[in-house]
Structures are given as C-alpha cells and as structure tokens.
Amino acid sequence: MALAARTASRAFLRSTPATSSFRPAARSARFALPSQGFRAASRRGYASEAGEAKSSNSLLWAGIAAAGGVGAYFYLKGGDASVSSKEFVPTKEDYQKVYDAVAQRLANETDYDDGSYGPVLVRLAWHASGTYDKETGTGGSNGATMRFAPESDHGANAGLKHARDFLEPIKAQFPWITYSDLWTLAGACAIQELGGPAIPWRPGRQDKDVAACTPDGRLPDATKEQSHIRDIFYRMGFNDQEIVALVGAHSLGRAHTDRSGFDGPWDFSPTVFTNEFFRLLVEEKWQQRKWNGPKQFTDKTTGTLMMMPADLALTKDKAFRKYVELYAKDSDLFFKDFSNVFVKLLELGVPFKTEDRYVFKTSESNHPLTQDHYEVLNLPFTETPTALSKQQLKAAYHKALLKHHPDKAPGAIAKDVQTTSSSSSSSSSGGGGLSTSDTNPSLHTTHRYTIDEITTAYKTLSDPYLRAEYDRSLRLDRARVAEREKTGTVFHTGLEIVDLEDLACDESDADAALWYRGCRCGDERGFLVTEQDLEREAEHGEIVVGCRGCSLWMKVLFAVEDGDEEDT
C-alpha cells in the first residue's frame with residue numbers, strides 16, 4: 001500500500017477500487033459533519049482547509065471573566081414576566097427545559113466556526129467563573145458582570161459577545177433564570193452535548209450590576225509559562241492536578257488572530273470533547289511557527305494544529321507533566337477529573353442556598369434512536385454489513401405496505417393475531433403445543449408504520465450510499481445506548497478518530513490486507529478493518545468500526561490512491 005504524507009488539505013478520492021490502494025487521509029484543521037445522523041457526536045468532523053474563522057470559541061488561557069446581573073424576570077406556564085421570584089420557584093424539570101432549549105439551539109445553529117457554538121459557550125462559562133479571588137471573595141460566576149463595559153471589553157473576553165448573543169433567545173424564553181445561572185448551565189450543556197462527561201450543576205447565582213465588575217488582569221496569559229500559570233490558578237484555589245484537568249478543555253475550539261492573536265485549533269476534532277489535547281501534547285513534535293503573530297507552536301506532522309507557550313509549559317514542568325501523561329493514556333480518568341474540577345470552577349464564590357446538584361439528560365437520551373429502517377421492513381440488521389438484493393428489498397417493501405396499510409385498523413390486526421393463534425393451537429398435537437403467537441411475540445404488537453416511513457426505509461436501504469450513511473448512524477446510536485445502559489453515563493469514548501496509518505497492517509493473506517488496532521478493553525485486535533471494508537466506504541474516505549470485545553468505537557480516516565501512483 002502506498003502511503004502519502006499528510007498535508008493540510010483533506011485527501012480526495014481519485015480512482016476506482018479495482019485500480020486503487022488506500023492511504024491515510026491527510027488531516028485537516030477544520031471540521032463540519034452533516035447536521036443529522038449523529039446526536040451526541042453530531043457536530044464533529046472535518047472540512048477541507050483552515051480558512052478564515054467567523055468567530056472565536058477559543059482560548060481558556062486568554063482569560064476568564066466574572067459574571068454579573070440584570071434584574072431577573074420570572075415566568076410561569078406561558079412566560080409571564082410579571083411573576084415574581086417569590087411566586088415561582090424553579091424545579092429540576094424547569095432547568096431541564098432550559099438545558100433542552102440550549103441543546104436544541106446548538107443542534108440547529110451550525111454557522112459558527114467548526115459547526116458548533118458549543119466551544120464558545122464553554123469559554124463563556126469559563127470566563128464568567130475564573131476571575132474568582134479566594135482572598136477577597138470577589139469575582140466568580142455569581143454576577144454575570146461581563147454584560148457591562150469595561151469587563152466585556154477586556155481583551156480576554158474578545159469574541160464572547162457571540163456566546164452571550166446566542167443565549168439571549170433562551171433568556172427571553174425563560175426570563176426567570178438569571179444570566180449567571182444561564183451562562184454556567186449553558187457551559188455544562190455544551191460539555192455534555194459535545195460528548196463530554198456529565199457536569200452536575202447547581203442553581204442559585206444572582207446577577208449584579210456594573211459596580212461588581214472585576215479588574216482586568218486576573219486571567220491567564222497564554223504567552224507565559226508555569227510560574228504564571230500557578231499564580232493565576234492558585235489564586236482561585238486550584239492545585240496542580242486540577243489545573244491540568246481544567247486546561248484539558250482546550251480539546252474544544254480554536255484560537256483566532258482577531259481575538260487572542262493566536263491562530264488554529266488544538267486538535268483535529270475541535271467540536272468533540274476528548275483527551276486528544278493531552279495525547280498530542282505528549283506524542284506530537286511541536287515546532288515554533290514562523291509568522292508575524294505571537295509565539296506559538298505547530299505540529300510537525302501536518303502543520304495545522306496549534307499550541308501556545310502556556311500549553312507546552314505543562315509538559316516542561318514535572319509536576320504538571322505527570323498529569324498530562326495520565327490523561328493522555330486514560331480518557332475515563334480525564335473525564336472524571338474534569339467533571340469534578342469544572343463543577344468547582346462554576347461554583348467558586350457562589351453563596352448557594354441548596355446542596356442539590358442536577359445532572360441533566362442530554363438531547364441524545366431525550367430522543368428515540370434513529371428510525372430503524374430494518375425493523376420497518378422486517379429485515380435483519382447486523383454489525384457487519386450484509387448484501388441485500390433488489391428482489392429482497394422489493395419483497396420486504398410490498399409486505400410492509402400490505403401489513404401496515406391504513407385499511408388495516410388495530411382491531412383487524414388483533415383479529416388476525418387471534419385467528420392465527422387459534423389456528424395454530426388447534427393444529428398442534430394434543431392441543432398442548434405453543435401457538436404461533438406464543439413463539440413469536442412480534443405478532444402481539446399493534447405498532448403500525450406509516451406509508452411514508454415504509455417508503456423512506458425502502459428508498460434509504462435501496463441506495464448503497466444512503467444505506468452506508470444510515471448504517472453508520474444506526475451503529476453509533478446503538479453503541480451509545482449500550483454504553484449508557486452499561487455505565488449509566490453519556491457515551492463519550494465511542495468515537496476515537498484515527499488515521500489509517502495509526503493501525504497495524506497484516507498482509508499475510510495475499511488476497512486481502514487487514515488493518516487492526518488494540519483496544520483498552522484488552523483485545524489486541526479489537527478494531528479490525530479489511531480491504532473490503534475500505535472499498536465499501538471508499539467514496540466517504542472514512543469508516544466507523546466497533547471493538548470486537550466491548551462497546552467502544554473508532555472512526556478511521558483514509559483516502560484512495562491510483563494503483564500506478566508512485567509511493568510517497
């Protein structure tokens with residue numbers, strides 16, 4: 001197989017499977033997946049070039065500003081702004097509705113940066129909390145004073161107007177919630193919706209006026225190193241381990257020249273919450289970028305990623321580095337520690353009146369799975385794709401139309417079941433055998449599919465391209481449910497993104513090569529990709545495979561080369 005060097009632009013497909021070979025896809029700095037098909041993973045993926053950013057969802061280092069307030073309005077069953085706080089006490093269900101509204105807006109508004117406002121909402125919550133000073137008790141998320149100048153004009157808060165404006169329709173929809181609570185809740189929502197850990201959240205912040213604004217200069221300076229980092233974070237009350245865990249939020253977003261002066265994303269999936277920031281810090285070689293901007297570093301492999309001096313300082317300091325290495329190896333540990341310290345950050349300096357924290361249901365768990373087209377047509381679905389002939393599909397389509405025809409009312413279905421049961425019982429020897437309805441529980445169901453659902457299922461499964469896209473979505477949906485049922489947590493470790501060259505290649509079979517990679521469940525060949533798999537997904541340049549031994553998933557990027565092309 002001819003391997004091509006990675007470049008900044010995305011590799012493209014240039015030949016037919018019969019005359020082609022596979023190579024790693026060139027990784028790119030920007031990302032945008034289709035808006036449908038994946039839920040928790042929906043705003044994740046790749047685009048073709050770095051391009052010009054529309055707005056910033058970047059730096060945590062660039063600053064963390066305090067929050068402050070406008071008088072709160074309250075609503076009750078219809079948005080009555082005249083309802084007072086004494087008359088309306090919001091419940092967990094009310095806050096879940098706010099979460100759902102933020103999540104829905106995140107799903108619908110995809111015209112920001114890499115396809116999601118999520119990272120900039122995390123940055124807003126970060127900046128609205130991290131100005132806390134434990135000695136004076138000032139700053140922190142209690143106040144939302146970033147609504148006022150000069151705090152809104154602090155350099156560290158450049159670009160956060162996009163996040164604040166994004167949340168204004170939510171504030172109008174739920175006028176009873178304070179800006180302080182809304183901003184932090186939205187940050188927790190963004191972490192969860194982008195595949196991160198559950199963030200227990202507590203209400204009770206009150207908005208303040210301009211007099212509570214914090215002074216400029218309380219925020220980390222990304223151009224400085226470990227002594228400065230400790231000064232800033234120790235002031236808030238964090239230790240070394242917590243500092244490293246918090247900085248892991250750099251797995252989201254990107255820096256922009258019109259905000260911080262820096263430029264680029266930290267990793268290849270800036271709208272997916274992962275531990276990739278740490279892995280890249282440890283495994284990638286970083287070299288100083290030659291440009292007219294501030295001192296920053298770029299990855300030697302692709303030249304598309306970015307690290308700031310404060311990021312690399314984490315690897316130079318022995319106390320910091322041991323946590324960087326831990327989190328690079330253990331995603332679950334990072335998720336757990338990040339959740340704990342992010343909760344702490346959001347609560348700094350807040351005089352709460354309750355100890356209750358809420359863990360919100362994600363949009364993924366609030367919605368049913370992708371419509372199961374195989375179930376609609378009563379066809380088998382397997383984890384490994386199986387061929388379906390046109391005749392099979394047509395036969396299944398016509399049977400489904402007859403079975404679920406509008407003229408077949410529920411009563412008629414029930415009558416059919418009863419008749420089948422009776423007939424089967426009478427024909428069994430001695431009358432003691434099991435009826436068809438006993439052995440086939442599906443006959444008891446009265447669920448009916450519409451003509452549109454049946455037609456959609458048929459058209460999707462009949463088209464090879466649509467079926468491949470649909471199968472990937474269905475597999476991921478099922479994996480998320482399995483992970484949630486197994487661990488009780490949001491599915492977050494199931495879509496590691498790797499390059500084909502990250503997998504080992506076994507060419508012992510002369511007829512077909514096999515790529516494999518070990519999984520942390522212990523299976524040394526947990527993830528398997530065959531040449532046939534790559535040929536099937538050649539048009540897409542990526543394939544999603546599940547581990548043979550557990551519920552983890554991996555997306556493998558690749559491209560196709562002409563068979564007569566020279567090795568590079």
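Let me start with helix 1, where Asp94, Tyr95, Gln96, Val98, Tyr99, Ala101, Val102, Ala103 and Leu106 are buried. Please keep in mind, here and in everything that follows, that this is a predicted model. Helix 1 covers residues 92-108, and at 1.5 Å a residue its 17 residues should span 24 Å, which agrees with the 24 Å that separates its end C-alpha atoms.

Stepping back to the whole chain, we find 18 helices and eleven strands, and buried residues make up 55% of the 568 residues. If we take the contacts with a separation of 6 or more, then 71% of them are between residues that lie 24 or more positions apart in the chain.

Now to the cores. In soluble globular proteins, nonpolar side chains tend to be buried together. In our model the largest nonpolar core has 88 residues, and those that touch the most other members are Leu121, Leu167, Phe233, Phe238 and Phe342. Helix 4, which is residues 179-193, gives the largest share of this core, namely nine residues. Because domain 1 (92-212) and domain 2 (226-339) both contribute residues to this core, it lies between them.

It may help to look at one member of this core by itself, so let us turn to Phe342. If we leave aside the neighbours within four places in sequence, Phe342 is in contact with Val122, Ala125, Trp126, Gly187, Ala188, Ile191, Ile199 and Leu246. Apart from the largest core there is another one, of 18 residues, and among its members are Leu388, Ala396, Tyr458 and Leu474.

My last topic is a sheet. Three strands form an open sheet in the order 7-8-9, with antiparallel pairing. Strand 7 (504-506) and strand 9 are at the edges and each has a single partner strand, so one side of each is left without a neighbour in the sheet. From one strand to the next, the twist averages 25°.

Within this sheet, strand 8, which is residues 514-517, pairs with strand 9 in the antiparallel sense over four bridges, and Leu514 stands opposite Thr530 in strand 9. Which side chains of strand 9 are buried, and which are not? Along this strand, residues 527-530, the side chains alternate, with Phe527 and Val529 pointing to one face, where they are buried, whereas Leu528 and Thr530 point to the other and are not buried. When you turn the structure on the screen, you could follow strand 9 from Phe527 to Thr530 and look for this alternation yourselves.

Terms used: Residues are numbered from 1 along each chain as its sequence is written. This is a predicted model: local features need pLDDT of at least 70, side-chain atom pairs count only at pLDDT 80 or more; totals for chains, interfaces and linings use all residues. Side-chain values use heavy atoms; hydrogens and water are left out. Helices (H or I, at least four residues) and strands (E, at least two) are DSSP runs, numbered from the N terminus. The expected span of a helix is 1.5 Å times one less than its number of residues. Buried means under 20% relative accessible area, exposed over 50%, partly exposed in between (1.4 Å probe, protein chains only). Two strands pair if DSSP finds at least two bridges between them. Axes are lines fitted to C-alpha atoms, for helices over the stretch in contact, and angles run from 0 to 180 degrees between N-to-C directions. A nonpolar core is a set of buried Ala, Val, Leu, Ile, Met, Phe, Trp, Tyr and Cys residues joined through side-chain atoms within 4.5 Å. Domain bounds come from an automatic or database domain assignment. Contact means heavy atoms within 4.5 Å.
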